Structure formats: C-alpha cells, structure tokens
Amino acid sequence: MQPDVELAPLRPPRPGLADLRARAPWAFRWETGLALIVLIIGAAGVLASPNFLTSTNLFNLSLSNGEIAIMALPMTLIIISGEIDLSVSSTLGMSSCLLGFLWSRHWPMIAIFVVIAIVGLAAGAFNGLLVTRVGLPSLAVTIGTLTLYAGIAEILLGPNTVSNFPTAYTNLGVNAVPFTGNAMTYSTAIFIVLAVIFGVILHATPVGRSIFAMGASPEAALFAGIRVKRIKTLLFMVSGLVCSLAGVLYTFRLSTAVQNNGVGLELDVVAIVLVGGISIFGGEGSIPGVVLGVLAFVGIQNVLLLTNFNQEASGVVAGGLLLLSVFGRNAASYSSRLRQWRPGRGRRPTERPGQAAAGSQP
C-alpha cells in the first residue's frame with residue numbers, strides 16, 4: 001500500500017510579458033514611452049534654465065520649428081505607405097525662391113500663392129509618377145529631385161535676395177494668432193489643423209487603412225483591390241503642396257527669399273517622423289506619435305541651446321535620434337533573432353551532422 005503523500009498546493013503562474021501586454025496594451029505602445037520622454041525632457045529643461053517654460057521661449061520655439069513640424073505630417077503618410085520623400089526641403093526652398101522671383105516682378109500676392117501651390121503639386125506628382133509608373137525606388141528618386149529642385153531655386157534667384165515683402169504678410173511669420181494671448185504662432189495653428197486632418201484621414205477612413213496595408217505588404221494591397229499607384233502618387237502630391245505652403249511661411253518668417261532657404265531640413269523632418277514611432281519599413285505608426293515626436297525633437301534642441309551646446313554640432317542630435325529611433329522601433333525583432341540563433345543553425349534543414357563530410361567521400 002502506497003503511503004499518503006501530501007502534495008504542495010500549486011502556485012498560480014506569474015504573469016508574463018504577454019499577460020501584461022494583454023491587460024494594459026497602452027503601456028507598451030511607442031506613444032506612451034515617448035510621452036514619458038517628453039515629460040523628462042521638460043523636467044530637464046526646467047532644471048537647465050529657468051527660461052525654458054517662459055512664454056517667450058515657447059513662442060520662439062514654435063516659431064523656429066513650425067515649418068519642420070508641418071512638413072513632417074505628409075512625410076508620415078508617405079513612410080507608412082512604404083516610401084520616402086527626401087525632397088521636402090528643396091521643395092520648400094524652390095517655393096521660397098519662386099515667391100521672391102514673382103514678387104520682384106510685381107505679381108499680385110494672391111496669384112503668386114496660386115502658382116506656388118500648382119508648382120508644389122507638380123513637384124510632388126513628378127516624384128510620385130517616377131516611383132509608381134516608372135518603378136524607380138523613392139529613395140533614389142527623391143535624392144535626385146532634392147538636387148533638381150534646389151537647382152531650380154538657384155536658377156530663379158541666383159545670388160540675389162528679395163526682402164521687400166509687404167509687412168502685412170511678414171507679420172504672419174513672426175506674430176501670434178489673434179486672441180491667443182501671444183501663445184500661438186500661425187505655423188503652429190496650421191500644424192494643429194493639419195495634424196487633425198491627417199490624423200482623421202489616416203486612422204478613421206478607408207484611405208488610411210489602405211495606406212497601412214500598402215506599407216505592410218504592397219503585393220497583398222494590390223491583390224486586395226487597393227489602387228496602390230494612385231494613392232502613392234496622391235501622397236507625393238500632398239507632400240509637395242504642404243511643403244510649398246511651408247516655403248511661404250518660411251519666407252515670411254525670415255522676411256527673405258534666398259536660394260539656400262531650407263537647405264538640410266529634410267534630415268530634421270525624417271528624424272521627427274521616426275522618433276514619433278513611424279517604422280522606416282512602412283505599415284506602422286500614428287499621427288499622435290508624430291506630434292509627440294515634434295515635442296521631443298524640439299525640446300531636446302532647446303535644452304541643448306539653453307545649456308550653451310555648440311549649435312554647429314546640432315546635426316549630432318538629428319543623426320543620433322534617427323539611429324536610436326530605428327533601433328528602438330525594431331529592438332523586439334532584433335532580440336527575438338538573437339534568442340533564436342544558436343551555433344549550428346547555419347546547417348541546411350535536410351543536412352544531418354556529418355552528412356556533408358560523409359557525402360564528400362568518393
């Protein structure tokens with residue numbers, strides 16, 4: 001007869017990462033971590049300088065970065081769709097030079113705005129058609145048009161500078177929106193409106209779902225009946241239009257049209273989008289994340305400025321954030337690959353140990 005054995009009570013299993021993710025999915029979202037980083041940056045700014053949270057500093061901060069934030073919105077949709085547009089800064093510069101060129105020839109300002117919008121749409125359509133109809137990679141196309149549009153800007157103005165714009169327009173670039181208590185610039189107001197529009201399109205319409213599907217798998221999207229070529233072309237056209245608008249704001253803020261306006265801003269735009277959690281491979285991301293990415297990027301730059309950081313080395317910030325965002329966004333896949341790798345995994349599945357050596361014998 002077997003002696004009675006007392007069994008220890010079973011302990012409930014400890015909640016794993018999957019359980020925690022199921023119970024509180026918001027805690028594992030990129031936007032949640034980014035919001036925490038924004039708060040940390042704000043605390044660091046307050047410790048670095050008592051001027052960080054002053055209305056004057058915040059106003060100047062939004063004033064000097066409004067155009068970059070605006071250009072980040074169409075870039076978000078393009079990258080989610082699986083493409084990229086590096087010609088955003090040269091489109092801005094081209095529209096700035098076109099504004100100065102036409103104004104110096106006494107065109108009415110309203111007509112100039114219409115021409116700039118048409119040129120922006122045409123520039124975006126040129127990018128889109130080369131990518132979707134000719135089949136060229138968007139990275140190569142937009143690097144080429146970055147140089148092309150910058151060359152057109154140089155042809156329009158050359159070494160000349162136009163700075164005699166009407167005060168009524170240049171005030172739009174430096175003054176606050178009425179009834180906001182000197183707290184909101186026109187570029188910030190435009191960014192907020194566009195962020196709401198782009199957010200609704202991306203997250204609450206069939207077009208937005210199509211954009212995500214194209215980024216996740218272009219072939220599957222095509223077989224699902226999504227008009228991939230048409231939508232991507234329209235995205236590039238929207239990017240051209242928005243960047244041309246940013247060029248007008250940029251010109252009025254500086255009260256100057258010159259051929260090198262906006263040079264190098266494309267790196268900042270891409271950095272903001274990737275910091276906002278948009279996957280460089282497409283198919284993932286959100287507009288709220290990009291808004292937080294704008295706050296994080298601008299906040300870091302301002303903290304460094306208040307601590308007398310060498311501004312000539314500010315490119316280190318954009319480049320470092322680019323690398324960190326790409327690595328952080330794909331850290332989970334990297335760790336899973338490392339866990340799956342073991343010595344000897346390089347053998348073919350049908351090959352047993354010693355089989356290759358035995359098979360090589362005559």
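**Salt bridges, cores and a surface patch in a helical chain**

R253 and E67 join their side chains in a salt bridge, with 3.2 Å from N to O. This pair connects distant parts of the chain, since R253 belongs to helix α11 (residues 228-254) and E67 to helix α3, 186 residues apart. R253 and E67 are both buried. The model in which this pair is found is a predicted one.

Side chains of opposite charge can pair when their charged atoms come close. The structure has 3 salt bridges. Another of them is formed by the side chains of E83 and K232, at 2.8 Å from N to O. E83 sits in the loop between α3 and α4 (88-104), while K232 is in helix α11, so this bridge ties together parts of the chain that are 149 residues apart in sequence. Both partners are buried, E83 as well as K232. Helix α11 therefore supplies K232 to this bridge, and helix α11 also holds R253 of the pair described at the start.

E31 and R29 also form a salt bridge, and their closest N and O atoms are 3.4 Å apart. The two partners differ in burial. E31 has a relative accessible area of 15% and counts as buried because the cut-off for that class is under 20%. R29, at 47% relative accessibility, is partly exposed, because this value lies between the 20% and 50% limits.

The wider setting of these pairs is a helical chain. Its secondary structure consists of 16 helices and 0 strands. The chain has 362 residues, of which 41% are buried. Among contacts with a separation of 6 or more, 75% are between residues 24 or more positions apart. The exposed surface of the chain comes to about 20,000 Å², and 66% of it is supplied by carbon and sulfur atoms.

In soluble globular proteins, nonpolar side chains tend to be buried together. In this model the largest nonpolar core has 59 residues, and the members that touch the most others are M71, M75 and I211. Helix α3 (residues 55-80) contributes the most to this core, with 12 residues. Outside its neighbours within four places in sequence, M71 contacts V88, L92, C243, A246, L265 and V269. Separate from the largest core is a second one, made of 14 residues, with M109, A153, V248 and A257 among them.

Cysteine needs a brief note. The structure contains 0 disulfides. C243, one of the residues in contact with M71, is buried at 1% relative accessibility. C97 is likewise buried, and its relative accessible area is 0%.

The surface also carries nonpolar side chains. V193, I197, I201 and V207 make up a nonpolar surface patch, and together they have about 300 Å² of accessible area. Helix α8 (residues 186-204) gives the most to the patch, namely 3 residues. One residue of helix α8 is I201. With a relative accessible area of 33%, I201 is partly exposed. I201 can be counted in a patch because patch residues need over 30% relative accessible area.

Notes: Residues are numbered from 1 along each chain as its sequence is written. This is a predicted model: local features need pLDDT of at least 70, side-chain atom pairs count only at pLDDT 80 or more; totals for chains, interfaces and linings use all residues. Side-chain values use heavy atoms; hydrogens and water are left out. Helices (H or I, at least four residues) and strands (E, at least two) are DSSP runs, numbered from the N terminus. Buried means under 20% relative accessible area, exposed over 50%, partly exposed in between (1.4 Å probe, protein chains only). Contact means heavy atoms within 4.5 Å. Accessible areas come from the Shrake-Rupley method with a 1.4 Å probe; for residues, only the protein chains shown count as cover. A nonpolar core is a set of buried Ala, Val, Leu, Ile, Met, Phe, Trp, Tyr and Cys residues joined through side-chain atoms within 4.5 Å. Patches are made of residues with over 30% relative accessible area and no salt bridge: like charges are joined within 9 Å, nonpolar side chains (Val, Leu, Ile, Met, Phe, Trp, Tyr) within 5 Å. A salt bridge is a side-chain nitrogen of Lys or Arg within 4 Å of a carboxyl oxygen of Asp or Glu. A disulfide is a pair of cysteine sulfur atoms within 2.5 Å.
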